[in-house]
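User: Hi! I am new to reading protein structures, and I would like a close look at how the helices pack in this one. Could you walk me through that part?

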Amino acid sequence: MLTVNSATRNARAGLWEKAQGLPPASDSDFFGTNRRPPGVDPEYLKIISDTSLRTRLIDSGIAEGLQSPKGPQKIPSIIRLYPNFDAPGKEVAPRANGRAAATPRTAFGLPTVEELDTLLARIRAVEGEVSATLQQQVNADIARLKRQIGDLEGDEFERAFHELDRALATRKALAGQVREEAFKRVEADLAFAPRKFLRLISREPKG
């Protein structure tokens, strides 16, 4: 006679087999701010259209929902599989005075203030390192032209002014490259836990 534990293991084994047969998710399947989790084996990222199976996999600790269509959205539903059956579980809100307490925001994968501060500080630090490399020459040109403009007149002034304008435009364009490279470096640091919240932040610099 099967015990409760053995029955549970058998049920999970059956679900795991079904999960492994699901089609794989590629980078192009992720939509909007959703991104492929760094460092995850591609074989554990799956597309699933069966909502009932999706719910059972998540409730069994086999899968974590990464992307789910809302309303009329025509985007794939994506899950991440956990071979040790230790996927993040759903938090059940305790009841207080007969009313359900509010679900903690961390249950929805949102960062705490401290985690967000840590992440932003890391991004700024890495941006400083990247900027020092990418913008070194253009910053030197801007500084040189600013010094020269005060002493120039006529055609030479106009030429230097236009050169400065072009250099400033180049530095602005580089800002996007700096931000993107900083995100890539932070995302690649598997030991830095707050990197998982990068998906909540726009990679586009303001302005």
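Analyst: Here is a walk through the helix packing, with a short look at the loops afterwards.

First, a word on the model: it is predicted, so local features need pLDDT of at least 70 and side-chain atom pairs count only at pLDDT 80 or more, while totals for chains, interfaces and linings use all residues. Residues are numbered from 1 along each chain as its sequence is written, and side-chain values use heavy atoms, with hydrogens and water left out.

Let us start with the overall layout. The chain has five helices and five strands, where helices (H or I, at least four residues) and strands (E, at least two) are DSSP runs numbered from the N terminus. Along the sequence, the order is α-β-α-β-β-β-β-α-α-α.

Now for the packing itself. Two packed helices are described by the angle between their axes and the distance between the axes. Axes here are lines fitted to C-alpha atoms, for helices over the stretch in contact, and angles run from 0 to 180 degrees between N-to-C directions.

Take helix α4 (residues 136-149) and helix α5 (residues 154-188): their axes are 9 Å apart, at an angle of about 150 degrees. That makes α4 roughly antiparallel to α5. The cut-offs are simple: angles under 35 degrees count as roughly parallel, over 145 as roughly antiparallel, 65 to 115 as roughly perpendicular and the rest as oblique. The crossing of α4 and α5 is left-handed, a label used if the near helix is turned anticlockwise from the far one by less than a right angle, with right-handed used if clockwise.

Which residues meet here? On the α4 side they include Val-138, Ile-142 and Leu-145, and on the α5 side they include Phe-157, Phe-161 and Leu-164. Contact means heavy atoms within 4.5 Å. By class, the contact of α4 with α5 has 11 nonpolar, two polar and three charged residues. For these classes, Ala, Val, Leu, Ile, Met, Phe, Trp, Tyr, Cys and Pro count as nonpolar, Asp, Glu, Lys and Arg as charged, and the others, Gly among them, as polar.

Helix α5 also packs with helix α3 (residues 113-134): the axes come within 8 Å and cross at roughly 125 degrees. That makes α3 oblique to α5, and this crossing is right-handed. Among the residues making the contact are Leu-119, Ile-123 and Val-126 of α3, together with Leu-174, Val-178 and Ala-182 of α5. By class, the contact of α3 with α5 has 10 nonpolar, two polar and six charged residues. Leu-174 of α5 also appears in the contact with α4.

Finally, the loops. Ser-60 sits between α2 (51-59) and β2 (63-67). With a relative accessible area of 17%, Ser-60 is buried (buried means under 20%, exposed over 50%, partly exposed in between, with a 1.4 Å probe and protein chains only). Leaving aside neighbours within four places in sequence, Ser-60 is in contact with Arg-12 and Leu-15.

Pro-83 lies in the loop between β3 (78-81) and β4 (95-96) and is partly exposed, at 38% relative accessibility. Not counting residues up to four places away in sequence, Pro-83 touches Trp-16 and Tyr-44. Phe-85 belongs to the loop between β3 and β4 as well, and its phi is near 60 degrees, a positive value in a residue other than glycine. Most residues other than glycine have a negative phi.
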